[in-house]
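Let's take a walk through this structure together. Have the coordinates open as you read, and follow along at your own pace.

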Amino acid sequence: MPELRSKVTGAVLGCAVGDAMGAPFEGLWGDSIPTRDSLLDDYHLYDGYPSGQFTDDTQLTVATVESIVRLQGIDLYDIATRIAQLWHNHAVIGPGGACTHAAETFLITADWSTMGAPIGQAGNGTAMRTAVLGLWYRDRPEALAEEVADISRLTHQDPRSVAGGVAIAEAARLLSDDQFVFEPTSFCEAISARCWEIEKGFAQQIRDLSLIAESHDAVQQIAFAGQSNPEFDRPIITPYVVPTVLASLYCVIKHPDSWSDAVTTAIRLGGDVDTLGAIIGALSGARLGEEAIPKHLLANVQRSKALRLLAAKYHAAIANSA
Ligand SMILES: [Mg+2]
């Protein structure tokens with residue numbers, strides 16, 4: 001079993017690597033995305049950016065982890081400040097509407113409690129940045145729901161987005177736990193229970209996922225989940241939080257022991273695939289450790305050394321907090 005340090009590095013760098021693998025293909029249909037082997041061979045060209053460039057998903061994850069490392073705890077004002085700084089510096093790559101709204105609001109008001117985009121905007125901008133947070137709660141699972149919900153609300157007030165942020169953090173916590181014997185039904189039930197009080201309907205969909213994952217049209221059911229009038233008639237994973245979270249958990253359920261299979265399966269679903277790559281790269285890294293991530297992709301992701309240093313500091317903070 002990988003050491004905690006490897007799992008923390010696997011989660012932080014797995015997020016960046018998966019994000020960078022998916023970024024060139026954001027918005028495309030699955031059938032126009034390269035094969036598994038081609039995705040793993042090297043980073044594909046991402047117009048205007050250096051090879052191995054990750055996007056907002058990793059940038060907001062890093063901003064949050066940097067805050068925890070510096071303050072050795074959760075401080076919502078500091079996290080909000082670091083997130084907003086990305087917009088202030090025009091540094092954010094490929095941001096979503098809700099996060100932009102939140103950051104721009106905070107830059108004017110400096111009030112973290114009201115910056116989140118209003119109910120109705122149920123994007124995946126919460127779940128895209130909460131996987132690595134699961135490791136922070138390894139020894140304090142009871143604190144996860146409330147604190148990750150607060151961090152999620154910085155950008156999204158919609159309860160579906162808040163529940164999605166909590167669900168992905170809980171998934172990472174479970175996957176990193178040596179005591180947790182991975183099995184789809186108990187995995188989905190535990191995640192569902194963790195976000196039940198925030199959004200029961202979404203929590204029920206997560207609970208049902210272990211069954212849906214077995215059906216022949218699982219991807220279709222996941223892609224259209226929570227939508228009475230889907231935007232497309234072919235399955236694709238939109239930036240809506242419900243299918244994003246279900247697709248992320250689905251890829252982990254299908255490929256629990258292969259980082260490469262989990263991440264490339266996700267990217268080949270099509271749609272918001274930088275976000276899927278980031279989430280599943282982090283989840284799978286939290287379970288399998290950095291050894292499971294192809295070495296050349298780890299070495300060649302942008303800011304590889306800085307991310308590794310941040311992961312080491314985050315590991316120390318997690319170990320100190322126990
Ligand atoms: Mg992105």
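Helices here are DSSP runs of H or I with at least four residues, and they are numbered from the N terminus. Keep in mind that this is a predicted model. With that naming in hand, we can begin with the second largest pocket, where H5 gives the most to the lining, with three residues.

That pocket holds about 210 Å³ of space. Its lining counts 19 residues, and those nearest the centre are Gly96, Gly97, Asn124, Gly125 and Pro239. Which elements supply at least two residues each to this lining? They are H3, helix H5 (97–109) and H13. Sorted by class, the lining comprises five nonpolar, nine polar and five charged residues.

Two of those helices, H3 and H13, lead us on to the metal site. The magnesium ion has as its protein donors Thr55 through OG1, and Asp56, Asp57 and Asp274 through OD, at 2.0 to 2.4 Å. Along the chain, these donors follow the spacing T-D-D-x216-D. Threonine 55 sits in the loop between helix H2 (36–41) and helix H3 (56–71), while aspartate 274 belongs to helix H13 (residues 273–288), so this pair ties together parts that lie 219 residues apart in sequence. Are these two residues buried or exposed? Both threonine 55 and aspartate 274 are buried, a label that stands for under 20% relative accessible area.

Now follow H3 to the largest pocket, which contains about 280 Å³ of space. Of the 15 residues that line this pocket, Gln59, Val62, Glu66, Leu86 and Arg303 lie nearest its centre. The elements giving two or more residues to this lining are H3 and helix H4 (76–88). H3 gives the most, with five residues. The lining is made up of five nonpolar, seven polar and three charged residues.

A last stop is helix H7, which covers residues 159–176. How many of its 18 residues are buried? The count is 16, so H7 is largely enclosed by the rest of the structure. Its geometry can be checked as well: the expected span is 1.5 Å times one less than the number of residues, so the 18 residues of H7 should span 26 Å, and the end C-alpha atoms are indeed 26 Å apart, in agreement with that expectation. As you turn the helix on screen, remember that an α-helix has 3.6 residues a turn, so residues three or four places apart point the same way.

How values were computed: Residues are numbered from 1 along each chain as its sequence is written. This is a predicted model: local features need pLDDT of at least 70, side-chain atom pairs count only at pLDDT 80 or more; totals for chains, interfaces and linings use all residues. Side-chain values use heavy atoms; hydrogens and water are left out. Donors are N, O and S atoms within 2.8 Å of the metal (3.2 Å for Na, K and Ca); water is not among the atoms, so sites may look incomplete. Buried means under 20% relative accessible area, exposed over 50%, partly exposed in between (1.4 Å probe, protein chains only). On a 1 Å grid over the protein atoms alone, a cavity is a set of points where a 1.4 Å probe fits but cannot get out, and a pocket is an open set with protein on both sides within 12 Å along at least five of seven lines; lining residues have an atom within 4 Å of a point. Grid points are joined across faces, edges and corners, and a volume is the space filled by probe spheres set on the points. Ala, Val, Leu, Ile, Met, Phe, Trp, Tyr, Cys and Pro count as nonpolar, Asp, Glu, Lys and Arg as charged, and the others, Gly among them, as polar.
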